[in-house]
Amino acid sequence: MSVYITASGHFLPGPAISNDEMEPLLGYVHGKPSRLKRRILQSNGIKFRHYAIDANHNTTISNAAMAAKAAEHCLSQSFLGKRQIKMLSAATSQGDIVLPGFGSMLQAELGLNDIELHSSHGICSSSMMALKAAFTNLKAGEQQNALVVASELTSRLFKASRYEAAGTAPDFNAEFLRWMLSDGAGALLLETKPRNKCFRIDWIRSFSHADAYPVCMSVGYPTDNSVNRSWQDYPTYAAAEADGALLIRQDVRLLENIVKLGVDGYLRLIAEGRVQADKIDHVLCHYSSHYFRGKIFDMMQRAGVGIAEHKWYSNLYSRGNTGCASIFIMLDEFRRTQPYSVGDTILCMVPESGRFNNAYMQLTVVEA
C-alpha cells in the first residue's frame, strides 16, 4: 500500500527576530553582552528566527498550542476534518511538562477523539521517527490517515536567568545553542490515496550511532557532562540548577562527526539501492548551521556522488533552526513556494547530534 503526504502546515510564534534583537529579548547574562554570539551567528548564517517568549520572558504560547496551530493549518489545506483523523503521531525534544507524553497533550489541545496515538521523544530526528511510525502504520493497513506534528519551544531554556542560576558565566558548550535554536511547529497529513499534486513516501530510513559515540547534545547532565549523574540525582532541583545540570549543552568537539556520519548514511543508502544520486531532483537537508553546508557538499563530491547545489533547498536562514520541527516546516514551505513537477524525486535528510542519529526519506511527486 502506498502512503502520500497530501497536506502540510506550520506555525511560527511572534514576529521574526533579527540577530540584533536576540540578546535584548533573551537577556544579558549577568548584565553583560555575549562575547561568543557574533562568532556563532556568523558561522550558522541564520538571519531571522521566532521565539515563543517575550522580552519579559513570559511564554506567549505553549509548545502543545504551537503544535495544534500547525496541525490546524495543515488540516485547513486538506480534504479532511478533525473528526476524520485516525492517528496522531507527535514529536518534540521537550514538552511543556515532563509527563504525560506530548502526543496526549496535543490530542487534548486539538480536541481529537478516539484516535490511535504515538509520541516520539528525541532531538532533531524525533520528527522523522514520528513520521515513520505513522508511515508504517498506514503501510500495514492499520489506518487510512495520520496527522504527524513536530514542535519545539527551546527559548525557555535560553533566558538569562537560567544561566545566572548556574552561578558563573556560561562556558562555550552551554552558550553555543543559545544562538542556534528557536521555536516553531510543522505538520504533515498522511493518507493512503493521493490528493491533487502531492508527495508519495517511497521509504524512510535511519541509522543510529548511539552505541559508538558519547552524548553530544543534552539537557540534564552537570557541567562536567558526567553520564553517571543526571539532574534527577541531586537532592533538590535547585542544586541541579546551580550545578548547571539544567542547561542545554553541545559538545562542540564531537560536532564535526555529524557531517561524516550523515554522508556515511547517504552512501549506505546508495549501496542498498535506495538512492541514485543522478536521479535526485531536490534535496531538503536539515543542516543545523551554514557551516556544515559546504562540508556536506565537499564530502559528497569527493565520494563521487554529489548532488548539484541548485537542487538544494533550505529555509534555515529565514526561519531558524527549530530542531525536530525544521524538516516539516521546510517541507511545507517547499511544497507551497517552490517549483516541482510530477515524477520529481525529493531526498530529505535529518542529521541529529544528540547521540548521532541520521534519518533519511525519499519522496516522489505524484498527481491523483
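## A tour from the central strands outward

Begin by selecting tyrosine 4, which stands opposite arginine 200 in β8. This is a predicted model, in which local features need pLDDT of at least 70 and side-chain atom pairs count only at pLDDT 80 or more, while totals for chains, interfaces and linings use all residues. Residues are numbered from 1 along each chain as its sequence is written, and side-chain values use heavy atoms, with hydrogens and water left out.

Next, widen the selection to strand β1 (residues 4-11) and strand β8 (residues 197-208), which pair in the antiparallel sense over two bridges; two strands are said to pair if DSSP finds at least two bridges between them. Strands of a sheet pair through backbone hydrogen bonds, either parallel or antiparallel.

Now colour the whole sheet, an open one with mixed pairing, whose 10 strands run in the order β5-β4-β6-β7-β1-β8-β14-β13-β11-β12. At its edges lie β5 (116-121) and β12 (312-313), each of which pairs on one side only.

From the sheet, pick out strand β6 (residues 145-152) and select serine 151 within that strand. Serine 151 has a relative accessible area of 0% and is therefore buried, a term that means under 20% relative accessible area, with exposed over 50% and partly exposed in between (1.4 Å probe, protein chains only). Show the residues around serine 151: leaving out those up to four places away in sequence, its contacts include Asn63, Met66, Phe102, Gly184 and Cys324, where contact means heavy atoms within 4.5 Å.

Move then to tryptophan 179, in the loop between α7 (172-175) and β7 (184-191). Tryptophan 179 counts as buried because its relative accessibility is 1%. Apart from neighbours within four places in sequence, tryptophan 179 is in contact with Met22, Glu23, Leu26, Ser34, Lys37, Ile40, Leu41 and Asn44. A distance label between the C-alpha atoms of tryptophan 179 and methionine 22 should read 8.2 Å, although the two are 157 residues apart in sequence.

Finally, zoom out to the protein chain, which has 13 helices and 14 strands, both being DSSP runs numbered from the N terminus (helices H or I, at least four residues; strands E, at least two). The C-alpha atoms fill a box of roughly 60 × 50 × 40 Å, taken along the principal axes. Of the 368 residues, 57% count as buried, and among contacts between residues at least 6 apart in sequence, 81% join residues at least 24 apart.
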